[in-house]
Amino acid sequence: AEYQRLILLGCGVEVNSNLAKEIWDLVSIAPTKLVLFDDVIPVLTVLQSKGIGSGIISNYNQSGSSLLKELGLTALMDFAVTAQEVGAEKPDPKIFNAALIRSGVDPSEMIYVGDQYITDVIGAETAGIHGILIDRNQTANVPDEVIKIDGLKEVLGLLDSISLK
């Protein structure tokens with residue numbers, strides 16, 4: 001309920017945890033299918049060609065391997081870590097730390113791109129990872145120091161400018 005409240009708050013909708021849970025209960029019974037944005041496959045292909053690893057950190061309630069398979073990303077991504085596997089949801093550092101272990105890199109060598117300021121950017125930064133906000137509709141109101149992009153292709157240009165170890 002708290003996570004859902006934070007998502008709504010990130011969208012500018014302030015509700016209490018009880019109402020957030022009621023909203024989520026209704027949303028969660030609606031049939032859904034994840035669909036990739038058009039820039040995902042091209043960017044992952046470039047990253048892979050440069051020898052740069054990639055992974056998913058997701059609050060989904062399924063295994064990481066089934067998530068990669070569902071998205072058709074098994075050949076392009078190195079791992080997926082999910083809340084179901086870790087027993088913690090973003091922004092809890094535990095899920096980010098699990099991704100660090102799976103990736104085999106130091107937090108200073110990783111960037112995390114997410115579409116929620118609190119759960120993704122703050123969560124990543126709490127674990128020592130560089131957080132980047134992807135704001136495809138350019139509607140997020142975040143502090144000026146937050147790196148904000150409107151498309152995944154911008155990550156390619158940021159790789160050299162972010163001070164990775």
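This passage describes selected features of a predicted model, from a parallel strand pair to its nonpolar cores and loops.

Strands β1 and β2 run parallel and are joined by four bridges. Strand β2 spans residues 79–82. In this pairing, I56 stands opposite A80 of β2. Helix α4, residues 64–71, belongs to the same arrangement: β1, α4 and β2 together make a β-α-β unit. The unit is right-handed.

I56 also has many partners beyond its neighbours in sequence. Residues up to four places away are left out of the following list. I56 touches L67, L68, L71, L73, M77, F79, A80 and V81. A80 therefore appears both as the residue opposite I56 in β2 and as one of the residues that I56 touches.

S54 sits just ahead of this strand, in the loop between α3 (40–49) and β1 (55–58). The relative accessibility of S54 is 10%, so the residue counts as buried, the cut-off being under 20%. The side chain of S54 has a polar atom 3.4 Å from the backbone oxygen of L76. L76 is also among the contacts of S54 that lie more than four places away in sequence. The others in that set are L44, M77, D78 and F79.

Nonpolar residues gather in cores. In soluble globular proteins, nonpolar side chains tend to be buried together. The largest nonpolar core of this model has 20 residues. Those with the most contacts inside this core are L44, I56, L68, L73, M77, I149 and L152. Four elements each supply at least two residues of the core: α3, α4, β4 (130–134) and α8 (154–158). Helix α3 gives the most, with four residues. A second core is separate and has 16 residues, including F96, A98, L100 and Y112.

Two members of this second core, F96 and Y112, also form an aromatic pair. The structure holds one such pair. The ring centres of F96 and Y112 are 5.3 Å apart, and the planes stand at 90°, so the pair is edge-to-face. F96 belongs to helix α6 and Y112 to strand β3 (residues 111–114), so the pair ties together parts that are 16 residues apart in sequence. Both rings belong to buried residues. F96 counts as buried because its relative accessibility is 0%. Y112 counts as buried because its relative accessibility is 9%.

The loop between α6 and β3 holds D106. With 34% relative accessibility, D106 counts as partly exposed. The side chain of D106 makes a polar contact with the side chain of S108, at 2.6 Å. D106 and I129 are 23 residues apart in sequence, yet their C-alpha atoms are 8.6 Å apart in space.

Two other loops carry notable backbone geometry. The peptide bond that joins K90 and P91 is cis, with omega about 15°. P91 is placed in the loop between α5 (83–86) and α6 (93–103). Q138 has a positive phi of about 55°, although the residue is not a glycine. Q138 lies in the loop between β4 and β5 (147–149). The relative accessible area of Q138 is 55%, so this residue is exposed.

Notes
Residues numbered from 1 in each chain as written. Predicted model: local features only at pLDDT ≥ 70, side-chain atom pairs only at ≥ 80, totals over all residues. Heavy atoms only, no water. Buried < 20%, exposed > 50% of the residue type's maximum accessible area, 1.4 Å probe, protein only. Polar contact = N/O pair within 3.5 Å; in protein donor to acceptor, adjacent residues only side chain to side chain. Contact = heavy atoms within 4.5 Å. Pairing = 2+ DSSP bridges. Right-handed = clockwise from strand over helix to strand, strands pointing away. Core = buried A, V, L, I, M, F, W, Y, C linked by side-chain atoms within 4.5 Å. Phe/Tyr/Trp six-rings, centres within 6.5 Å; stacked < 30°, edge-to-face > 60°.
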